[in-house]
Amino acid sequence: MLSQVEGYIYPNEIALQWGILIVLYPYITGLVAGAFIMASLERVFNVTVLKPTYELALLTALAFLICAPLPLISHLGHPGRAYEIMITPNKGSAMAIFGFVYLWYLMVVLLLEIWFDYRRDFVIWSREKTGLMKWVYRVLTLGMSDISPAALKWDIKLGNIITVVGIPSAFLLHGYVGFIFGSIKANPWWSTVMMPVIFLFSAMVSGIALVMLLYMIVSYLRKVKIDMPCLDTIGKFLFYALIIDFSLESLDQIHRIYEAEESFDILHMLVSGKLYITLFGMQILFGMVIPMIGLGILQVAKIKENIRKIILLITGILVLNGIFFMRWNVVIGGQLFSKSFHGFTSFKLGLIGTEGLFMAIAWLLLPFAVLAFLLWLMPPWKKMNSE
Amino acid sequence: MGNKGIKSSRRKFVKKTAAIAGTLVASSLIEPFKLLVYATEEPKDEGPWWGVGIDISKCIGCGLCAKSCKIENNVPEDPFFFRSWVEQYTVYNDGTVKVVSPNGGIDGFNQEEDKENIFKTFFVPKMCNQCAKSPCTQVCPVGATFETPEGITLVDSEHCIGCSYCVQACPYGCRYIHPESIVADKCTLCYHRLTKGIAPACMEVCPTGARIYGNLRDPESELVKYMKNNSYQVLKPNLNTGSKLYYNALSAEVI
């Protein structure tokens, strides 16, 4: 183990405390926040062209939110004690608030908004279906089977209020995840006031890209034509979000470089050494610059529909990959250098084991499985007035 | 679907947003300072409030402190887990600095560099700084890390969930996750001895008396006298951790 050390590190720093599971946690949470904000664009900001993706975005947010805490809990030394965060929270701890923010977001925002949106359809489906499914939908109506115009008006009204509450909640959810890292003054790579804002905008970028990709995939699987104005608009919002995200992250780095505080030398060595490929290659070049160029071209040039689809598809994949490496660079990068500023340790991702690559892939695939189930249970395309 | 309600009345939307923002601000005022301003005050009750003094000029790098700590406190023997360790600093004539701590200094040190090239060299014993505003206590999500009335930061191993957030938050690298119990572990200043009036193991074995502890409230204590007579300094003062580990003869190279 000692051979993985360069220079001097405090003896307790050799093994990284947080591995790939903690990289997944902000990644998945970010996808939730981003997907929800994407849905809100349609509902609150009245971007009606995005209507085909509204329910898909909401269900994506729900599927990923259900899975978000799982890698986190499985990473704990004592997962069985995780409930203590809820019953004896230390109110001064950023991490302690997670349980509450999470529950607020799940119960008050997402589940309620989806329920109000689907209530009428649950009622209708419970009448149409037979056997078990009839009962499933009946339970999902929670006994509220009134679908008179007046009642439906209330669904819309309450749904709107929840969306309005939901936007700051989505900001809170992911801004707070940034704060978990940004508030650690012991770590100069994390400790920046920009961290919550950067996390938030990168969350929007990743969430928009995910919903865009899912929309393309779901349309392909259902063999229906993609609504191009919708897809183009998603691409446009992705472009804007990317520009803001890129600017904020650049500002943060420029500020660091110009101030060149005590930790500057070690961080400079970090980014030009151990993080070089994941930061400049995966995150900045492939995850931001190339997608920005691609999306930028789409905004100004007239390109054939098929080519546009391919550009958006590739862009979406690159962006999702780039944001994953952004989380990687924050979480792993922040633990590679010693707090003594005198040296580095290494991180080698294993393949097997609870902290290995395969397990991480499984955690990452799980929300897609949940989403597939949700899309089967409550298909947006079978809603009244859809399509 | 369902965007007509908002569209029809922008004013309504603004009102709603204002109401929500107002509620958030109001609710944040309930306990604002406890949540946002973290400053542990000196406990009001009577009794000792412990601090530590380390005189670098007295340390000979024998490593007995680190060794005795491992024995006394059941610290794993591997060289990746230490509650207390010793660093050797070598400052060269060209200004470069080399730091080493082979096996935490337990086996002693050799100075392999040519004397001619060395500007100065010294040993720095490290241990928990028993911060009065300890970042590790601040971040513990479940309150398993806490500060005793005597000013010692301890971990409740029955309560710790093993999230490692405290390990990340300690600027001095003084915490680790114990490989057997899989909970956070750290120097307790030998709390089990201290409460019986016995000196911590590392201090009892130190042959030169480089480490002392004392009651910061008692003007006659050895520590207070040491602080009066020496120009002491704490590590990373810019982080405002309220460190109660006071070094004498601390050189600027030490981080």
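Which residues are buried in helix α4 (residues 64-73) of chain B? Exercise 1 takes up this question. The model is predicted.

**Exercise 1. Helix α4 of chain B and its end**

Task: Find the buried residues of α4(B), say what covers them, and describe the residue just after the helix.

Solution.
- Step 1. Go along the helix, residues 64-73 of chain B. C65(B), A66(B), K67(B), S68(B) and C69(B) are buried.
- Step 2. Look for the cover. It includes strands β2 (84-92), β4 (118-127) and β9 (211-215) of chain B, and helix α8 (201-205) of chain B.
- Step 3. Step past the helix end. Just after α4(B) comes N74(B), with a positive phi of about 55°. N74(B) is not a glycine.
- Step 4. Place N74(B). It sits in the loop between α4 and β2 of chain B.
- Step 5. Is N74(B) buried or exposed? Count the other C-beta atoms within 10 Å: there are 10. The limit for exposed is 12 or fewer. N74(B) is therefore exposed.

**Exercise 2. Another positive phi**

Task: Describe the backbone angle, place and exposure of N103(B).

Solution.
- Step 1. Read the angle. Phi of N103(B) is positive, about 50°, and the residue is not a glycine.
- Step 2. Find the place. N103(B) belongs to the loop between β3 (97-100) and β4 of chain B.
- Step 3. Count neighbours. N103(B) has 18 other C-beta atoms within 10 Å. Buried needs 20 or more, and exposed needs 12 or fewer. N103(B) falls in between, so it is partly exposed.

**Exercise 3. Far in sequence**

Task: Work out where N248(B) and I56(B) lie and which residues they touch.

Solution.
- Step 1. Start with N248(B). It is part of strand β10 (residues 245-248) of chain B. It has 18 other C-beta atoms within 10 Å, so it is partly exposed.
- Step 2. Compare sequence and space. N248(B) and S57(B) are 191 residues apart in sequence. Their C-alpha atoms are 7.3 Å apart.
- Step 3. List the contacts of N248(B), leaving out neighbours within four places in sequence. They are G53(B), D55(B), I56(B), S57(B), N230(B) and Y232(B).
- Step 4. Pick I56(B) from that list. It lies in the loop between β1 (50-55) and α4 of chain B. I56(B) has 18 C-beta neighbours inside 10 Å, so it counts as partly exposed.
- Step 5. List the contacts of I56(B), again without residues up to four places away. They are F122(B), V124(B), Y247(B), N248(B), A249(B) and L250(B).
- Step 6. Take another pair. I56(B) and L239(B) are 183 residues apart in sequence and 22 Å apart, C-alpha to C-alpha.
- Step 7. Turn to the whole chain. Among contacts in chain B with a separation of 6 or more, 63% join residues 24 or more positions apart.

**Exercise 4. Two helices of chain A**

Task: Describe how helix α1 (residues 20-43) of chain A packs with helix α2 (residues 54-67) of chain A.

Solution.
- Step 1. Take the axes. They come within 8 Å and cross at roughly 155°.
- Step 2. Name the arrangement. Angles over 145 degrees count as roughly antiparallel. α1(A) and α2(A) are therefore roughly antiparallel to each other.
- Step 3. Give the hand. The crossing is left-handed.
- Step 4. Find the residues that meet. From α1(A) they include I28(A), L31(A) and F36(A). From α2(A) they include Y54(A), L58(A) and F64(A).
- Step 5. Sort the residues of this contact. There are 14 nonpolar, one polar and two charged.

**Exercise 5. Where the chains touch**

Task: Describe the contact of chain A with chain B, and the side that chain A gives to it.

Solution.
- Step 1. Count both sides. Chain A gives 48 residues and chain B gives 47.
- Step 2. Find the elements on the side of chain A. Those giving two or more residues are α4 (84-87) and α7 (149-182) of chain A. α7(A) gives the most, with eight residues.
- Step 3. Sort the residues on this side. They divide into 24 nonpolar, 16 polar and eight charged.

**Exercise 6. Confidence**

Task: Say how the scores vary along chain B.

Solution.
- Step 1. Take the whole model. It scores ipTM 0.93 and pTM 0.90.
- Step 2. Take chain B. Its pLDDT averages 89, and 87% of the residues score at least 70.
- Step 3. Compare its elements. Helix α3 (residues 32-36) of chain B has the lowest mean pLDDT, 43. Strand β8 (residues 184-185) of chain B has the highest, 98.
- Step 4. Mark the weak stretch. Over residues 31-40 of chain B the pLDDT is below 50.

Note on methods
Residues numbered from 1 in each chain as written. Chains lettered and ligands numbered in written order. Predicted model: local features only at pLDDT ≥ 70, side-chain atom pairs only at ≥ 80, totals over all residues. Contact = placed C-beta atoms within 7 Å. Helix = DSSP H or I, 4+ residues; strand = E, 2+ residues; numbered from the N terminus. Nonpolar A, V, L, I, M, F, W, Y, C, P; charged D, E, K, R; others polar. Axes fitted to C-alpha atoms, helices over the stretch in contact; angles between N-to-C directions. Parallel < 35°, antiparallel > 145°, perpendicular 65-115°, else oblique. Left-handed = near helix turned anticlockwise from the far one by under 90°. pLDDT = per-residue confidence, 0-100.
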